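This note is written for a colleague who is meeting the structure for the first time. It takes up the helices, an internal cavity and some backbone features in turn.

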Amino acid sequence: MKELETFKNIFEGLDCAYGITRKSSHFDERGKNKTESFTIPKPPIQSLWRDHLEGTDPALGIVPIRQDNKCKWGCIDIDIYPFNHKNLIQKLNNKELPIIVFRSKSGGAHCFLFTKEPIPAVIMRAKLKIIASIIGHAKAEIYPKQDYIRIDRGDKGSFLNLPYHGNKKTVRYAFNEKGEGLTLPEFFLLYEKKALTKEELSSLDVKNEDENDDFKGIPPCLKLLLSEGVQEGQRNNCMYNVGVYLKKRFSEEIIWKD
């Protein structure tokens, strides 16, 4: 029971809806099972969490963003198969990022950032977008998928299937810093080491040591925009703001214009 409560406390999210995903016998071009997903507008009651850890199908999906638009976890969903988890973990270690990598059911990677207290979802998403960019996966999906939701107008957010479905028999497990699979109790210990306070998250300095020196110190919003690619129709606006940054940083006209 203590194990169940600890798991539930770590992965808690929206309290008025949950998700399930059922797989079919068909596969897509990447070799991944095609699935159908459903959001159930009911509370994720205790028995659903217990069934998840016991391995009862379907697995439990939780919406990370709560009714107050805060969350305690976020995830970068890297949907690539096959995937080299050890290489990613080594990159995260080198950059000293407090991310815990999990194997997804299909063999991809779910990169979780945990906090010990609820923090605004918009802050979690902003941090994860930057992290995704500097580890080379700027196009990966970010959870929470929403900065804000409004329950009064029917918003339910987007759910993510949780790890450790089936507990000891699971294929959705966390890795330690050496790339070794962890049991659920071992994951709890790593969580205590990696989970951040609100202050620690706010002060988390996410740096890309490989970035062009011309853009060191550029605002995070511009860094994200440049890494993901500027959409058509936004190029003039982007170039103007990059110009403002460079003109402030480099006083000589010939330098900032170049």
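1. The model under review is predicted. A natural place to begin is the lining of the largest cavity, to which α3, β5 and α5 (184-194) each contribute at least two residues. The largest share, 3 residues, is supplied by α3.

2. The cavity itself deserves a short description. The count is 1 cavity of 30 Å³ or more, and the largest cavity holds about 70 Å³ of space. Its lining is made up of I89, L92, N93, I99, I100, V101, F175, N176, E177, L190 and K194. By residue class, the lining comprises 7 nonpolar, 2 polar and 2 charged residues.

3. Helix α3 spans residues 85-94, and H85, L88, I89 and L92 are its buried residues. These cover an arc of only 100 degrees around the axis, which puts them on the same side of α3. Two of the buried residues named here, I89 and L92, also appear in the lining of the largest cavity. The partners against which the buried residues of α3 pack are β4 (70-78), β5 (100-103) and β6 (109-120).

4. The opposite face of α3 has another character. Turned away from the buried side, this face carries the exposed residues K86, N87 and N94. For N87, the relative accessible area is 51%, and the residue therefore counts as exposed, the cut-off being over 50%. Between the C-alpha atoms of N87 and G179 the distance in space is 8.6 Å, although 92 residues separate them in sequence.

5. Both ends of α3 show local detail. At its start, a side-chain oxygen of N84 comes to within 3.2 Å of the backbone nitrogen of K86. Just after the helix, E96 takes a positive phi of about 55 degrees. E96 is a residue other than glycine and belongs to the loop between α3 and β5. With a relative accessibility of 68%, E96 counts as exposed.

6. N176, one of the residues lining the largest cavity, sits in the loop between β8 (160-161) and α5. It is buried, at a relative accessible area of 17%. Its side chain reaches the backbone nitrogen of K178 at 2.9 Å. Once neighbours within four places in sequence are set aside, N176 is in contact with I89, L182 and L190.

7. Which residues of α5 are buried? They are L184, F187, F188, L190, Y191 and K194. They cover an arc of only 170 degrees around the axis, which puts them on the same side of α5. Among the elements covering these buried residues are α1, α2, β5 and β6. The face turned away from the buried side carries L189, E192 and K193, which are exposed.

8. Helix α1 (residues 2-11) has L4, F7, I10 and F11 buried. Viewed down the axis, these residues fall within an arc of 130 degrees, so they line one face of the helix. They pack against α2 (46-54), β3 (61-62), β4, β5, β6 and α5.

9. Strand β3 includes I62, which counts as buried at 0% relative accessibility. Not counting residues up to four places away in sequence, I62 touches F11, E12, G13, P44, W49, W73, S158, F159, L160 and L162. F11 in this list is also one of the buried residues of α1. The C-alpha atoms of I62 and E3 are separated by 18 Å, the two residues being 59 residues apart along the chain.

10. Where are the cis peptide bonds that merit inspection? One joins Y81 and P82, with omega of about -15 degrees; P82 lies in the loop between β4 and α3. Another runs from Y143 to P144, with omega near 0 degrees, and P144 belongs to the loop between β7 (141-143) and β8.

11. A final backbone point concerns N69, which has a positive phi of about 65 degrees although it is not a glycine. N69 is placed in the loop between β3 and β4. At 17% relative accessibility, N69 counts as buried, whereas E96, with a positive phi near 55 degrees, counts as exposed at 68%.

Technical notes. Residues numbered from 1 in each chain as written. Predicted model: local features only at pLDDT ≥ 70, side-chain atom pairs only at ≥ 80, totals over all residues. Heavy atoms only, no water. Buried < 20%, exposed > 50% of the residue type's maximum accessible area, 1.4 Å probe, protein only. Helix = DSSP H or I, 4+ residues; strand = E, 2+ residues; numbered from the N terminus. Arc of directions from axis to C-beta. Contact = heavy atoms within 4.5 Å. Polar contact = N/O pair within 3.5 Å; in protein donor to acceptor, adjacent residues only side chain to side chain. 1 Å grid on protein atoms, 1.4 Å probe; cavity = no way out; pocket = protein on both sides within 12 Å on 5 of 7 lines; lining within 4 Å. Points joined across faces, edges and corners; volume = space filled by probe spheres on them. Nonpolar A, V, L, I, M, F, W, Y, C, P; charged D, E, K, R; others polar.
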